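Colleague: I would like to understand how the descriptive words are chosen here. Could you take me through them one by one?

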Amino acid sequence: MKKIAVIPGDGIGKEVVAEGCKLMDALGVSYQIFNYDADYWLQHKQGISDQQLEELRTFDAIYFGALGDPRLPKMEHGKDILLKMRFDLDLFANVRPIQLLDVNHSPLRPEIANNIDIVIVRENTEDLYRGLGGRFKAGQIDEVAIDERIHTRAGVRRIVEYAFEYAVKNNRQKVTLVDKHNAIPNGGQLWLSVFDEISKGYPNIVGEYQHVDVACAIMVAQPERFDVVVTSNLFGDILSDLGAGLVGGLGLLSSANVNGNGIGLFEPVHGSAPDIVGMERANPLAAFATLAMLFKHVGLLDECEQLLYAIKQSISQDITTPDLDGKHTTSQVGEYIISRML
Ligand code: GGG
C-alpha cells in the first residue's frame with residue numbers, strides 16, 4: 001500500500017482538498033493529514049522542521065492544497081512550508097498540463113482553442129525563487145533591492161532531460177525551450193547550450209526555442225505550436241497561469257512536483273483565494289485533477305482515468321462552480337465527482 005500525506009494548507013486549499021479526501025475515503029485509499037499552514041506558522045513561528053520533513057520523506061506522495069493568508073502578507077510561511085518541500089525534497093520538475101476540457105470555457109475562438117494541449121515543465125529549485133539577493137537601506141530614498149537569477153548546469157541539464165524523457169514516454173512530438181537569452185544572456189546561453197546538446201540525443205523529438213515574450217503571443221494565437229515546454233522557474237509560473245486563462249481559469253489546473261525518483265508533491269496551481277473562503281464557491285476540479293496525477297504516481301491507474309473522465313463529465317453537464325458560470329457549490333461538485341466514480 002502506497003503512503004499518501006495530505007497538507008490542505010490555507011484558505012480554499014482546505015476546502016478543495018477536503019473534497020479530494022472525501023473521494024479517497026469513498027475509494028478506500030488511506031492517507032494521513034498534516035496541518036502545516038498559516039495557523040501552524042503563526043503558532044510556532046516556523047514551518048516544516050527538518051525532522052518533520054524526514055517523516056514526509058517516508059511517503060510516496062503528498063496531496064497539497066494552497067498557501068496564502070492575509071495575516072502573513074509577505075508569505076513568510078511559503079518559504080518554510082511549500083518552498084521547503086520543493087527545495088529540500090529536491091522536486092526539481094514542476095509539471096503543469098494545460099489541456100482544453102470544454103471549448104465554451106476558453107476566451108479564444110473555438111478553432112484556436114480546440115488545439116490547446118500543452119505540458120509545461122517548469123524548473124522548480126533554482127532561478128529567482130531561490131531567494132538570493134538582498135534589500136539595502138530599506139525604505140530610504142536610495143534603497144537598493146537585488147534578486148539574483150541563479151541557474152546551474154546540473155540543474156538545467158536535469159530539467160531539460162526530464163522534459164525530453166517526458167515527451168518520449170507520453171508520445172509527444174516537440175519540446176520547446178522558452179527563455180530570454182537575447183536580454184538575459186548569461187543564464188540564457190547556459191540554457192541554450194544544454195538544450196542544444198540534449199536535444200541531439202532525441203532525434204525523433206523536435207527541439208525548438210522561443211523567447212518568453214514571443215511565447216506568450218504564440219500561446220494565445222497559435223497554441224498548437226506548443227507541445228512540451230521546458231522553462232525556468234519564474235517563466236514557468238507565468239506561462240502556466242496564462243495557459244490557465246486560456247482553458248477556463250486557475251480552477252482547472254493541476255500540477256506535480258517530482259524528481260522521477262520516489263516522492264511527489266501534487267498541488268492545484270491556484271492559490272488560497274482568501275476572498276472566497278467559506279463561501280462554497282471554490283472550484284474543486286483542479287484539486288481533483290491534481291489527485292488524478294497523484295493516483296497515476298502511486299500506481300492507481302484505473303482510478304486516475306476514471307477521475308479524469310468524471311471531471312470532463314462534470315464540465316460537460318454544467319455541474320460546476322461560479323468561476324465556470326455554474327450554479328453549484330464546492331461540495332456539490334465534489335459529490336457529483338464521487339458519484340461518477342463509484
Ligand atoms: N497551490 C499553489 C500555491 O499555493 N501557491 C502559493 C501561492 O502562490 N499563494 C498565493 C496565494 O494564495 O494567493
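Modeller: Let us begin with contact, which means heavy atoms within 4.5 Å. This is a predicted model, in which local features need pLDDT of at least 70, side-chain atom pairs count only at pLDDT 80 or more, and totals for chains, interfaces and linings use all residues. Residues are numbered from 1 along each chain as its sequence is written, and side-chain values use heavy atoms, with hydrogens and water left out.

Colleague: Which residues of α9 and α10 meet by that rule?

Modeller: Val212, Cys216, Met219 and Val220 of α9 meet Phe235, Leu239, Leu242, Gly243 and Leu246 of α10. By class, this contact holds eight nonpolar residues, one polar and no charged, where Gly counts as polar, and Val, Cys, Met, Phe and Leu are among those that count as nonpolar.

Colleague: Why are α9 and α10 called roughly parallel?

Modeller: The axes of α9 (residues 212-221) and α10 (residues 233-247) come within 10 Å and cross at roughly 15 degrees. Angles under 35 degrees count as roughly parallel, over 145 as roughly antiparallel, 65 to 115 as roughly perpendicular and the rest as oblique, and therefore α9 and α10 are roughly parallel to each other.

Colleague: What makes the backbone of Leu67 a polar contact of the ligand?

Modeller: A polar contact is a pair of N or O atoms within 3.5 Å, and a backbone N or O atom of Leu67 lies 2.7 Å from a nitrogen atom of the ligand. A polar backbone atom of Pro268 is likewise 2.7 Å from a ligand nitrogen atom, while for His270 the value is 2.9 Å.

Definitions and conventions
Axes are lines fitted to C-alpha atoms, for helices over the stretch in contact, and angles run from 0 to 180 degrees between N-to-C directions. Helices (H or I, at least four residues) and strands (E, at least two) are DSSP runs, numbered from the N terminus. A polar contact is a pair of N or O atoms within 3.5 Å; within protein, one must be able to donate a hydrogen and the other to accept it, and residues adjacent in sequence count only if both atoms are side-chain atoms.
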